[in-house]
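Hi everyone, thanks for making the time this morning. I'd like to walk you through a model, so let me put it on the screen.

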Amino acid sequence: MPFRCYEPRPGEWIDRSRKLRFQFEGHSYTAHPGDTISSALLANGVSLLGRSFKYHRPRGVVSMANHDVNALFETGDDTNIRGDITPVQDGMELHPVNARGGLRKDRDRYLDWFGRFMPVGFYYKAFHRPRSLFPFFERMIRERAGLGRVNMQWSARRRPKRYGHCDVMVVGGGPAGMSAVLEAAAQGLEVILADENPVLGGSLGYQWGGDADARQWLGQLLEEVDAHPRITVMTSSVVLGYYEDHWLPVATPDGIVKVRSRGVVVAAGLLEQPAVFRNNDRPGVMLVSGAQRLLERFGIMPCREAVVLAANPEAYAAARQLQEAGVRIRGIAICGESGSDSEHARALTRAGVPLWPATTIHEVHGRNSVSGVSLIGTDGGSSPVDRIDCDGVLVSTGWAPAAHLLYQAGGRLRYDDTLEMQVPSEWPETVVPAGRLNGAFTLQQQRDDAREAVRCLTAAMEGETGYRARSLFRDSVAHGAAWPVSRHPRGRNFVDLDEDLQLKDLEQAAREGFDNVELLKRYSTVGMGPSQGKHSNVNAIRVLARYMGQGMDATGTTTARPMYHPVRLEDLAGRRFRPRRLSPLHDRHQQLGAEFMEAGEWLRVAHYGGTREPEAAIADEVQAVRNALGVIDVSTLGKIEVFGPDAARLLEGSYTMRMGNLRSGMTRYGLIVDESGVIEDDGVVARLAEDHFYLSATSGHAAATYRMLRRHALEWGLDVHVVNRTGQMGAVNLAGPESRRVLESLVDTPLHEEAFPNLGVREARIGEARVRLLRVGFVGELAYEIHAPASVMGTIWDSLMAAGSESGIRPFGVEAQRILRLEKGHIIVGQDTDGLTTPFNTGMPWSVHLKKPFFRGRPALAHLKGRESQQLVGFALPADSPLPRECHLVIEDGEIAGRVTSVAASPILGHPIGLAMVDRALAERGDPLQIRIDEGRMVSAWRMTTPFYDPEGRRQFAGYPDSSEESHQ
Amino acid sequence: MSLHLLKLGLKGTDDEPRFFPQPGELKSHYDVVIIGGGGHGLACAYYLARDHGIRNVAVLEQGYLGGGNTGRNTTIVRSNYLTPEGVRFYDASLRLFQDLSEDLDINLFYSTRGHYTLAHSDDAMRTMRWRAEVNRHQGVESHVVDRDYVTQAIPGLDPDCGGSQPVMGALYHAPGAVARHDAVAWGYGRAAAARGVELHQKTRVTGIQQSGGRVRGVTTDRGTIECDSVISMVAGSTPIITDMVGLPTPIEIFPLQACVTEPVKPFLNTIVVSGSLHLYLSQSSRGELVMGAAVDPFVLHSTRSTFGFVEGLADNIVDLMPFTSRLRVVRQWAGMSDLTPDFAPIMGTTPLSGFYLDAGWGTWGFKATPISGKTMAETVATGRNHELIEPFRYSRFRDFELVGEKGAASVGH
Amino acid sequence: MKIIDCPVIGPRPAAEFTYGGAVGAPPVEDPTPDQLAEHVFYRAGAPGVLREWWYHRPTGRWFVLERNTATNDILRTVEPEEVAYAIPML
């Protein structure tokens, strides 16, 4: 039974002067600030902390080092809370996860009795016959699996991420890590030291807790680190992974800090590994380092009477440390000889503690706690004693390096037969190991190794390439047992506590053919639980190596992927950041009652219906444009300026039509295709001077078109400048029969047909503002596009609205524009085209100028001409016909023959019209289109050539003669 | 409790047969050599032996069985594609999947969950309707559902998505399922091995011999083999193999990443996908939330992870399902996807007689596992492309007859 | 996050860049179907050193890098003149 010792420990983390209260399973307990949930419960004599994943066996503290994943808790606000490292807080109401009806009386605890019916991989071998029953079993299995419960009411706490920059990042604040930061800082480098614990010191604080010299050194290190101006310390901070180019995200209590360094020292220490024996999972069986952490950090006696299982010198030092603190050591079973003749071992013998050579634990007795152990010879024969009563079993039989970051950086491990531990065998020059994970165990070794690590690292950072694996300061004695495994006919000797995997499970998996380490992992799930194999992978490799009769290295190792410890999605998410672009006229639209729609990163006006029925408002906007005057904000259009001697050459190569012969002062429709001839973008190209063009691109494709032009300029070796003015410039299109009359009253340039013909472009002024006027209209009326700096767009808008008020000017949105352009048969790239549509499919062969020897996509289009298998056609429906929707299918003889790409009721024509991409044969026959609409009903649409409205295009001239030479259609 | 478990419980597991026989030496000749011991390769071996009596087959795997993209994907099976040929192919695959646990006598945890592809824009809604119409025309159950329906069907989903890109509706595909990916490979491997196919792991192909316009054999790091047919089924390693025979392809390799959270009790019964948010997620039978996103933005032959991937994914999922914010990501990983320009695979015969290609799987390889194995086996047995894979033939790029699957991606953006 | 050394403004995180794919050769005149497929679709897909276009979005600059697509190591910056080709005009 654990309890809090009366005498404070010299380096303990708790503040005994203050108390806080919390509840667990409805019972009230007290704790001190600095306690974790697990330490607080142990201090109150509660050692049954959780139930296991599969068999619902009782579990307790193992490591106190963030892999006690059988001691998980939930509150109303969070779940899967790790008790061993999470600070207990005043008022916390804690419950266990994955236990029904309380921990002690968990209704699923019977599953432990049925373990024999759940051998490794059992779920692959059952429940699939008959198939109809699987959903029932699946539901049962899913309900049993999983750990904590989520609450759908939880909201996200998004906290901004921060950034850190340094020369050297040191991971791990133990003796090696602190030595390393001091060494690096002494060389004038900026250093960040991160440690997952709230207090620096690492193993110095607990493993060496009984050593006065070590305590003194720790104090000195803490002082020096604290005082040094070039050292930044991050505590309670987990380095989640190593990513390319020294990118190290750190999970801190205040959110994630992303650190970029030039070099990394990985001094993350060791993870103590369990021994495998029957009932090695009972509450009260723990790693020696876990017991030391309880004692030195929280002032908790892990038990009153302990049996120690030893295979390394650390075991004897720990036994003395605990003995001096008051634990009665009932005896030490020596399953590995290293350290058994050490000074500590001799002192224990002198104190009357029995040392049992060549002995290991056969079985632990007790159910929810430990009542004793049975021992057995390591050769399977008898042991000096048979059974010993005790309430704690402390295991010290081996270590695994916490070398995850090193591995992610490209480092490798090998098994060291002297140390009986994996050690780094290679690593990148600027990501180096130090300290215990590099095999340096004594404090002197750790200090020397850390300094040497920093020297090698800084040399590499300076560009010296004398890299070699550095292992100068490795210890020369074993620190673990080669085979810390004890068989038992009744099993329950766990290799993986997360996943409830026993020795026989792994052997069985290997026997079934899953006999390499990755297959073993995937079939048995060893190492796939929440601790990600931190306490199970090494023993699993041992079991497989022995089964296969091969060495550890030949058996291999699994991949150590990020995250080092799990991290919350909300912390990964960080601050919410969704940039949105607004037109310079946005406020005016809002005042006019606009409904907005998202268009990529932009917000655009859908219509100005306000509270009205949208259809009616849109129809009114359409009528205004056709009969009088409308104005639409087209500021989201891409606006690109091209200057220089090779400007015409760039556009000639980028567009499918000729641009070199465009006269200054004129514009031309432009189409861009990709290398395979597929339409990417369209817009208007205006020539302002011989060497100066201004072009528009669709809102969604503006950035890509600009990017493409910039690239072609380099690729074709052109002397040209390309400037993206999309954000600087705003634009509106003034459209309708009244547009010229209204605009004339505002501009300083003549607008009559001779002075400013259709498709012309002019520089002018509206009031003080310099504007660019383009006589183009997507909607098929007399229209002027007015481009001006964003800063003056508001004034221009106001002037237009004032000047147009008598003509009945009406702003219109994207919805009305879609109808208006459809009436003219103009395509929308991305709606009437898809990822395979060429200009030949859209009935625009006139746009492909194959006489040009070169343009982007020309080779493909030259090949494709005349081979198109689909064509875009116009159709119309009776006024009373149900309206198909975009992407409804065209059916012919029961087969798919195309799809509707655009459809709308035309207010001006009084019936629905649309475009459809259909099979070429059908297109050429001119048959009506059979369209399958909602509920599978069919409607028949007659074919209608485009433009549906004003096919001669007279309205763009408002009664003036057609200057068709520059017309694009 | 099943009878088999009862037997295992009472008699012990000692007599359980091996999944895979102990590997022996390579023979000097095989009728067919399959390069790649993933799901596709093992399925093909199984159908070659079962349906065509071709048993002198070796599957050569440079790593371990199912260790490539088979073991790295997010295990989704669906057939709600855009093109008729895509729908036909994946629907046939899905039907094979439905029977597969019984066929192979292994519980694949094939779990029909229903699959929602969320739409956050008019454009996306249009694409959903297109897919639904094509799917239903092919007899595949897909419907466009509205925002309210989605909100009801997926508890905890915030239809406003945190305030931008609100959910407007979805494509609901009832047959959408998840399956235990590793088990698919193991089941096929076991069944193939039981029919005499040899499975050679840790065997790397280093060259392919050809003469007179046809394949003669392969060299490996364990020796040379003569054979009549070679099938490359290696996903992310495809360009390495096609370079050995000088076959040009449009395939480029992009990493595809995924991650999982710690397990929690069931809260998500459906599969949720959002193209606009670049995420797809489902909850595994173990209780983990399994999450993926779009492929990485540049060519790379590596399975390294990036932090930006998990950051972006978390950002979007916390918008979509705010309550998942407390779930903890425990592991991330990556696979190498072999992408083609039209987002459809390249399958079947090639200009080199006896050399067959099964590649270009992008992010859709897992769901095609059974049908790829079956159609490739028939193609090799007959020397002619199976009709289901004819649209995916190697020559389509030369002929400019691409598959329109790209339309879904293009229109949806 | 990977660092890409932009030849114009120095080292920047990879997230600021857009990938432009491998540098292509100019199209041949009157290509055969195979040559056309080679130009439009086929790629050097195997791991190795590629010359690739990269675009730095904040500054709007394109440049060409040699990168090892197996290791992700950037070997050098290529002068645009090395990959440029003249285009014929009417």
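Let me begin with a question: how many bridges join strand S9 of chain A to strand S15 of chain A, and do these strands run parallel or antiparallel? There are 4 bridges between S9(A), residues 162–165, and S15(A), residues 255–260, and the two run parallel. Before I go further, a word on what you are looking at: this is a predicted model, where local features need pLDDT of at least 70, side-chain atom pairs count only at pLDDT 80 or more, and totals for chains, interfaces and linings use all residues. Residues are numbered from 1 along each chain as its sequence is written, with chains lettered from A and ligands numbered from 1 in the order in which they are written.

Back to those strands. When I say strand, I mean a DSSP run of E with at least two residues, while a helix is a run of H or I with at least four, and both are numbered from the N terminus. Two strands pair if DSSP finds at least two bridges between them. In the parallel pair, A:Tyr163 sits opposite A:Lys258 of S15(A). S15(A) also has a partner in strand S14 of chain A, residues 247–252, this time antiparallel and over 6 bridges. There, A:Val250 faces A:Val257 in S15(A). S14(A) and S15(A) make a hairpin, with 2 residues between them. As a general reminder, side chains in a regular strand alternate between the two faces of the sheet.

Let's zoom out on chain A. Its domain assignment, with bounds that come from an automatic or database source, lists domain 1 (162–270 + 400–461), domain 2 (494–567), domain 3 (632–819) and domain 4 (824–955). Taken over C-alpha atoms, the centres of domain 1 and domain 3 of chain A are separated by 60 Å.

Now, how does chain A meet chain B? The contact involves 75 residues of chain A and 76 residues of chain B, where a contact means C-beta atoms, placed from the backbone, within 7 Å. On the chain A side, the elements that supply at least two residues each include S14, helix H12 (517–524) and strand S49 (895–906). By class, that side has 32 nonpolar, 18 polar and 25 charged residues. To be clear on the classes: Ala, Val, Leu, Ile, Met, Phe, Trp, Tyr, Cys and Pro are nonpolar, Asp, Glu, Lys and Arg are charged, and the others, Gly among them, are polar. There is strand pairing across the chains too: 2 bridges join S33(A) to strand S17 of chain B, residues 328–339, in the antiparallel sense. In that pairing, A:Val567 is opposite B:Val329.

On to chain B itself, with its 10 helices and 19 strands. The radius of gyration of chain B, over C-alpha atoms, is 21 Å, close to the 22 Å that the globule rule (2.2 Å times the number of residues to the power 0.38) gives for 413 residues, so chain B is as compact as a globular protein of that length. Its C-alpha trace spans about 65 × 65 × 40 Å along the principal axes. Of the 413 residues, 68% count as buried, and here buried means 20 or more other C-beta atoms within 10 Å of a residue's own, exposed means 12 or fewer, and partly exposed lies in between, with C-beta atoms placed from the backbone.

Chain B has two parts in its assignment: domain 1 (25–72 + 182–250 + 342–412) and domain 2 (111–176 + 252–339). Their C-alpha centres lie 29 Å apart. The contact between them takes 15 residues from domain 1 and 16 from domain 2.

What about chain C? Here 24 residues of chain C touch 25 residues of chain A. H1(C) gives the most to the chain C side, with 3 residues. That side divides into 17 nonpolar, 5 polar and 2 charged residues.

Last stop, the interior. A nonpolar core is a set of buried Ala, Val, Leu, Ile, Met, Phe, Trp, Tyr and Cys residues joined through C-beta atoms within 7 Å. The largest one has 442 residues, and those with the most contacts inside it are A:Val265 and A:Val393. Apart from that core lies another, of 8 residues, among them C:Trp54 and C:Phe63.

How values were computed: Two residues are in contact if their C-beta atoms, placed from the backbone, lie within 7 Å.
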